[in-house]
There are 2 protein chains.
Amino acid sequence: MDRIDAAILKSLAADARAPVSTIATQVGLSQSACTRRIQALEASGHVQGYGARLGHRRLGFRITALVDITLGTQVEEDLARFEAAVAQIDGVVECALVSGGQDYRLKILARDLDDYERLHREHLGRLPGVVTINSSFVLRSIPTRSEAEALFGGR
Amino acid sequence: MDRIDAAILKSLAADARAPVSTIATQVGLSQSACTRRIQALEASGHVQGYGARLGHRRLGFRITALVDITLGTQVEEDLARFEAAVAQIDGVVECALVSGGQDYRLKILARDLDDYERLHREHLGRLPGVVTINSSFVLRSIPTRSEAEALFGGR
DNA sequence: CTTCCATGCGCATCGGCGTTCCCAAGGAAA
DNA sequence: TTTCCTTGGGAACGCCGATGCGCATGGAAG
C-alpha cells in the first residue's frame, strides 16, 4: 500500500469499468504493472468487488428513509433474530447495530410514501423485539467526498 | 426498462467488471444486444457510473460513525453554508438533510477513535450554525439485500 | 566494497473481449 | 398489405488484458 496503490484505488472507485491502460496512465505505470497491482489489491481484500451506481430516482425510487429502531432486550439471541428478519426485507439496503442506546439504524429505499407505508406496516412493524421505530426521510442529499477521497485524503 | 434490463442492472451491481459476454449469458442475450442495452442504461441515467467496493477495515479505517447534527436556524442560506463546509471535510462520505427536526445525518469514516476525535474537534465542532452533534458508532454491520435486489425485488 | 537475491517495472505476445457494422424478425400504424 | 421502427443475432475488426521474460534497483550478507 503505497501512493500508487492509493491512486489506483481512487481511480477504480471513480470508474471501475475504465480500461486498465487508462488507469495505468493516470497513475504513471505500465499496463502490466498496473494489472498486477490491481490483482494484488483484489487478493488482499483492499478491493472487495465492483458495483454499479444506480440512479434510484430514475428507477422510480424517490424515497430514502433513515430508520432508527430500538429493541426491548439486548440479549444476543434477540439481536440475531432481529437481524435475520431484517435481512429478508426488500428495500433495506443498510443495517447497522450502533452504540448509544443499543439500537439499529437502517437505510431503506421505497418508490413513494405509499410504498414506504406498506413496507413499514408489513415488515418493519412485524420485526421481532422492536420497541420503537423512528423514520426520517431524506429531503436532500449533499454531495460529499467520495469514499476513496475520504480514505486517502481529499480532493 | 423491462425484465432483462433489471437483470442487467442486477448483474452490473453485483460485479461491474464482469465481461459483457458473461452478463449476456446470464440474462439470455447476445453480446451485441447486451452491450447496446448497457449503453442505453448508461445514457438514460439508470446507471450513473461504476465504483469499487473498498475494504475499509483492511485499509485501516475501523470506525464508521453515524452523526446527527441539528442547526440553530432553518434559513436556506445557513443550510447552504453548512453544506458547503461539510463537503470539504475528509472522512464524511454521506450527508443528508432529513425530515423530523430539520437536522442532518452524516456517515463518517475514521481510522480509530483518536482519529475521529480529531475530526470531531477540528471539523465537526467548527461547522457553522451547529447546535447539537450526536455521534453513534457502528458496532456491527448487518448484511442486507443489495441495492439492486432492493430495487428490483429480492431473492 | 562487492556480490547476491528479491522485488517490481516495462516490453512484447497472444488469446479473448468489446464494439460496430449489417441483416432479419416481429409488431404497430397507415 | 405495406411500410416503418424497434430490437436481437452474427461476424469482423480492433483493442484490451493477462502472462512470461529480461532488466534495473535496493537491501542484506559476506
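A polar contact here is a pair of N or O atoms within 3.5 Å, where, within protein, one atom must be able to donate a hydrogen and the other to accept it. With that criterion in hand, and bearing in mind that this is a predicted model, begin by displaying both chains together: between chain A and chain B there are 43 residue pairs in polar contact, both partners being at pLDDT 80 or more.

Next, colour chain A by secondary structure, and look at the side that touches chain B, to which helices H1 (3–14), H4 (76–86) and H6 (147–152) and strands E1 (47–54), E2 (63–71), E3 (92–98), E4 (103–110) and E5 (130–141) each supply at least two residues. Select E1(A) within this set, since the largest share of that side, 8 residues, comes from this strand. Recolouring the side of chain A that touches chain B by residue class will show 35 nonpolar, 18 polar and 16 charged residues.

Widen the selection to the whole contact, which takes 69 residues from chain A and 69 residues from chain B; the area buried between the chains is about 6100 Å², with carbon and sulfur atoms giving 52% of it. Now pick Arg17(A), Arg140(A) and Leu151(A), which supply 12% of the area that chain A buries against chain B, more than any other three residues.

For the charged pairs, of which the count between the chains is 10 salt bridges, select Glu94(A) and Lys107(B), whose side chains meet in one of 3.0 Å, N to O.

Finally, show the backbone of E5(A) and of E3(B), residues 92–98, which run antiparallel and are joined by 3 bridges; along them, Val138(A) stands opposite Val98(B).

Conventions
Residues are numbered from 1 along each chain as its sequence is written. Chains are lettered from A and ligands numbered from 1 in the order in which they are written. This is a predicted model: local features need pLDDT of at least 70, side-chain atom pairs count only at pLDDT 80 or more; totals for chains, interfaces and linings use all residues. Side-chain values use heavy atoms; hydrogens and water are left out. Contact means heavy atoms within 4.5 Å. Buried area is the accessible area (1.4 Å probe) that two parts lose on being put together, summed over both. A salt bridge is a side-chain nitrogen of Lys or Arg within 4 Å of a carboxyl oxygen of Asp or Glu. A polar contact is a pair of N or O atoms within 3.5 Å; within protein, one must be able to donate a hydrogen and the other to accept it, and residues adjacent in sequence count only if both atoms are side-chain atoms. Helices (H or I, at least four residues) and strands (E, at least two) are DSSP runs, numbered from the N terminus. Ala, Val, Leu, Ile, Met, Phe, Trp, Tyr, Cys and Pro count as nonpolar, Asp, Glu, Lys and Arg as charged, and the others, Gly among them, as polar. Two strands pair if DSSP finds at least two bridges between them.
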